[in-house]
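Work through the exercises below with the sequence and the model side by side, and try each task before reading its solution.

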Amino acid sequence: MRKKLTRKIKLYIKRYNTDSYKSNKIIDALNLIESNSITAIYPKIRKYRIFLIKGKRGTYLTIKNTYCSCIGFTASLMKGRIKPCYHLIALEMIKEEQVKKTFFEPEKLYDLALKHGVENLLRS
């Protein structure tokens, strides 16, 4: 699923982020980047870098090219589709130096992940 989602995100950016046209998702993703709304959580859990993204309707736990706890992404998965949300698109577009960083103790980070329902990814 991760490779398929990565391809979809890159294709979406290529198709809808041009000089002459930017989709609403692209505009929302750029706004997240400009407003400094993306925070990387350290340390990684296993191989995953986890991000907190403050979106329009809340703060979401996100794993690049893998998962977002927002309603839009979760709903698309429940319908059997893989449709990237603007939070995942922003993670693909942002440069490393633009990302804020915060540190969690591993126990607190695991509790945060459980709260957002990604325990299966973290246990694999």
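On a 1 Å grid over the protein atoms alone, a pocket is an open set of points where a 1.4 Å probe fits, with protein on both sides within 12 Å along at least five of seven lines, and its lining residues have an atom within 4 Å of a point. Grid points are joined across faces, edges and corners, and a volume is the space filled by probe spheres set on the points. This is a predicted model, in which local features need pLDDT of at least 70 and side-chain atom pairs count only at pLDDT 80 or more, while totals for chains, interfaces and linings use all residues. Residues are numbered from 1 along each chain as its sequence is written, and side-chain values use heavy atoms, with hydrogens and water left out.

**Exercise 1. Describe the largest pocket and its lining.**

Begin with the volume, which is about 260 Å³ for the largest pocket. Next, look at the lining, which is made by 15 residues, and among these C70, G72, C85, Y86 and H87 lie nearest the centre of the pocket. Finally, assign the lining to helices, which are DSSP runs of H or I with at least four residues, just as strands are runs of E with at least two, both numbered from the N terminus. The helices α2, α3 (71-78) and α4 each supply at least two residues of the lining, and α3 gives the most, with four residues.

**Exercise 2. Find out where the predictor's confidence is highest and where it is lowest.**

The score to use is pLDDT, the predictor's confidence in each residue, from 0 to 100. Over the protein it averages 86, and 93% of the residues score at least 70. Confidence is highest in α4, at a mean of 96, and lowest in helix α6 (residues 119-123), at a mean of 48.

**Exercise 3. Explain how α4 takes part in the largest nonpolar core.**

First, fix the terms: buried means under 20% relative accessible area, exposed over 50%, and partly exposed in between, with a 1.4 Å probe and protein chains only. A nonpolar core is a set of buried Ala, Val, Leu, Ile, Met, Phe, Trp, Tyr and Cys residues joined through side-chain atoms within 4.5 Å. The largest such core has 37 residues, and those with the most contacts inside it are I38, F51, C68, F73, L88, I89 and M93. At least two residues each come from α1 (2-16), α2 (24-34), β1 (38-45), β2 (48-54), β3, β4, α4 (86-93) and α5 (106-115), and α4 gives the most, with six residues.

Then turn to α4 as a whole, where seven of the eight residues are buried, namely Y86, H87, L88, I89, A90, L91 and M93. As a last step, follow L88, remembering that contact means heavy atoms within 4.5 Å. Setting aside residues up to four places away in sequence, L88 touches L5, I9, T62, I63, N65, T66, Y67, C68 and F73.

**Exercise 4. Is I38 buried or exposed, and which residues does I38 touch?**

I38 lies in strand β1, and I38 counts as buried because its relative accessibility is 1%. Not counting residues up to four places away in sequence, I38 touches I33, F51, L52, I53, A90, L91, I94, V99 and K100. For a distance along and across the chain, take K54, which is 16 residues from I38 in sequence, with 6.7 Å between the two C-alpha atoms.

**Exercise 5. Compare the residues of two loops.**

Start with the loop between α2 and β1, which holds N36 and S37. N36 has a positive phi of about 60° although it is not a glycine, and N36 is classed as partly exposed because its relative accessible area is 36%. S37 is buried, because its relative accessible area is 14%, and, leaving aside neighbours within four places in sequence, S37 is in contact with L32, L52, I53 and K54.

Continue with the loop between β3 (59-63) and β4 (67-68), where T66 is found, as is N65. N65 also has a positive phi of about 60° without being a glycine, and N65 counts as buried because its relative accessibility is 8%. T66 counts as buried because its relative accessibility is 8%. The side chain of T66 is joined to that of R2 by a polar contact of 3.3 Å, where a polar contact is a pair of N or O atoms within 3.5 Å; within protein, one must be able to donate a hydrogen and the other to accept it, and residues adjacent in sequence count only if both atoms are side-chain atoms.
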